[in-house]
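Welcome, and thanks for opening the viewer. Keep your selection tool at hand, and we will go from stop to stop together.

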Amino acid sequence: MAIIINIDVMLARRKMSLTELSEKVGITMSNISILKTGKAKAIRVETLDAICKALNCQPGDILEYAEVE
Amino acid sequence: MRNVYVYNLNVINMKLNLLNYRIVNVVINGAIILFIVLLVVSALPFMMKSGTSIHSIGSAGYSISRSLKPIDSLPSDTLSHGKYMHFVDSVKQSRNMKNGVLSSWSVSAGFIGAVPLERCEECSIWDDSKLKVKEYFISLNWWTLDTVGAIDPTKYYVKGGEPYLRKVVCKPEPGKGNETFHCNEVDIPVPFRYDVSNKYMLIPVSEQIVKVLRVVLSCFTSLLILYFLYYIVGGFIKFLMEIARGTPFSDRNVRRLKRITLSFLLIPLAFFLLNLLMRIVFYRYFTADIKLSAAAWGVLWKAAVLSVIFAALYFAFKQGKKLKDEQDLTV
């Protein structure tokens with residue numbers, strides 16, 4: 001998939017761990033892992049809203065489109 | 001208006017996409033190939049016509065002459081009921097011995113089998129086997145004798161080790177067109193043998209071939225039964241167990257349904273086509289009196305119906321799994 005979810009960069013900037021993020025967002029570690037490893041097929045708007053709120057960022061900061069050749 | 005036009009195009013696209021499913025294509029192509037093969041085989045030029053069939057007589061008048069000796073002795077009119085039944089039974093036993101009875105174990109695998117018979121002209125099944133002639137045959141279980149005759153049913157019998165068909169043959173009387181027929185009873189020698197009780201065709205072969213075929217068919221039948229029990233019955237039971245466990249839409253379930261669908265589709269089809277191939281392999285033994293039995297069609301259509309049902313389940317569960325995966329990978 002060409003959409004990349006860059007959670008690591010924002011986590012590093014905010015000095016937050018994956019576990020803290022999963023607790024703040026309210027989703028399981030396995031789902032966070034699915035997001036992080038790029039296996040996710042879809043993301044709910046409310047999840048994106050919760051992630052952006054937790055990381056204090058814009059959706060464009062964590063979503064990137066890189067065309068695969 | 002443009003939105004309605006675009007909606008209609010999308011609906012048509014969805015319907016066309018359904019038609020592109022591979023298994024549906026395989027089923028349709030398989031049916032077309034089978035139909036063509038059946039047409040070609042039925043039109044093959046080694047059918048010997050023997051007289052006029054019942055359909056061409058219709059409501060026309062006919063005369064019949066029965067000049068041949070009866071195949072078996074007929075009971076006297078003066079016999080008591082008990083003696084009559086005893087007589088009929090002994091004639092039947094004698095006829096079975098003349099036609100041939102099973103001498104040892106036979107093996108059958110669907111459309112083909114290996115059959116050893118023994119026969120004799122004037123003895124019973126309890127007599128010493130040294131008096132009997134042993135003969136060996138391949139049985140073609142899905143080919144049977146067409147006993148529908150012009151007036152009387154066609155009868156098969158063996159005399160002096162040679163097989164015959166007794167049938168009534170009708171020909172139009174000269175000078176009267178198709179209004180009146182003259183019918184004669186005739187004995188026609190045939191190249192095949194026939195099992196009257198089980199109603200299948202027998203091809204004479206050597207003892208060695210029957211011995212090898214018995215082993216091969218036994219192994220093949222055992223493997224087929226094991227495959228059926230493990231993959232079809234066992235597969236279906238495991239499928240139900242996974243549903244009971246709460247994980248119906250899994251890769252394994254989808255694979256099981258696909259395997260069951262293809263088994264019900266391909267195995268009977270292969271048997272049917274191999275059965276038709278037997279007609280080509282043993283073409284010298286086939287005459288116009290031999291036809292495909294109802295058993296062959298029965299196996300095919302029953303398996304086809306099961307295949308369609310499991311194919312529907314397969315498509316449904318495949319779609320279900322796809323939706324489940326999307327749901328599982330939606331964060």
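How many residues of chain A are in contact with how many residues of chain B? Select both sides and you will have 11 residues of chain A and 6 residues of chain B. Please keep in mind throughout that this is a predicted model.

**Stop 1: where the chains meet**

The size of an interface is often given as the accessible area lost when the parts come together. Here, chain A and chain B bury about 740 Å² between them, and carbon and sulfur atoms give 63% of that area. Now pick K41(A), A42(A) and R44(A): in chain A, these lose the most area to chain B, and together they make up 57% of what that side buries.

Next, colour helix 3 of chain A, residues 29-36. With 3 residues, helix 3 gives the most to the side of chain A that touches chain B. If you colour that side by residue class, you get 6 nonpolar, 2 polar and 3 charged residues.

What about polar pairing across the interface? Between chain A and chain B there are 5 residue pairs in polar contact, with both partners at pLDDT 80 or more. Salt bridges between the two chains come to 0 by the rule applied.

**Stop 2: the cysteines**

Let's move on to sulfur. How many disulfides does the structure hold over all chains? The count is 1. Select C170(B) and C183(B) as sticks: these two form a disulfide, with sulfur atoms 2.1 Å apart. Set a dihedral about the S-S bond and you should read 105°, which makes the link of C170(B) and C183(B) right-handed.

Show the cartoon around this pair. C170(B) sits in strand 8 (residues 162-172) of chain B, while C183(B) sits in strand 9 (residues 180-189) of chain B, so the link ties together parts that are 13 residues apart in sequence. Are the two cysteines buried or exposed? C170(B) is buried, at a relative accessible area of 0%, and C183(B) is buried too, at 0%.

Now hop over to C57(A). Why is C57(A) not bonded to C52(A)? The closest cysteine sulfur to that of C57(A) belongs to C52(A), and it lies 4.4 Å away, which is too far for a bond because the cut-off for a disulfide is 2.5 Å. C57(A) counts as buried, with 11% relative accessibility. For another cysteine, select C219(B): at 44% relative accessibility, C219(B) counts as partly exposed.

**Stop 3: L140(B)**

Select L140(B), which you will find in strand 5 (residues 133-140) of chain B. L140(B) counts as buried, at 0% relative accessibility. Which residues does L140(B) touch, not counting those up to four places away in sequence? Display F111(B), I112(B), Y200(B), M201(B), I203(B), M278(B), F282(B) and F286(B) to see them. For a long ruler line, draw a distance from L140(B) to K324(B): their C-alpha atoms are 49 Å apart, with these positions 184 residues apart along the chain.

**Stop 4: K291(B)**

Our last selection is K291(B), in strand 12 (residues 290-292) of chain B. K291(B) is partly exposed, with a relative accessible area of 36%. Leaving aside neighbours within four places in sequence, K291(B) is in contact with W142(B), W143(B), T144(B), L145(B) and D146(B). Finish with one more ruler: the C-alpha atoms of K291(B) and D146(B) are 6.0 Å apart, although the two residues are 145 residues apart along the chain.

Methods
Residues numbered from 1 in each chain as written. Chains lettered and ligands numbered in written order. Predicted model: local features only at pLDDT ≥ 70, side-chain atom pairs only at ≥ 80, totals over all residues. Heavy atoms only, no water. Contact = heavy atoms within 4.5 Å. Buried area = accessible area lost by both parts, 1.4 Å probe. Salt bridge = Lys/Arg side-chain N within 4 Å of Asp/Glu carboxyl O. Polar contact = N/O pair within 3.5 Å; in protein donor to acceptor, adjacent residues only side chain to side chain. Helix = DSSP H or I, 4+ residues; strand = E, 2+ residues; numbered from the N terminus. Nonpolar A, V, L, I, M, F, W, Y, C, P; charged D, E, K, R; others polar. Buried < 20%, exposed > 50% of the residue type's maximum accessible area, 1.4 Å probe, protein only.
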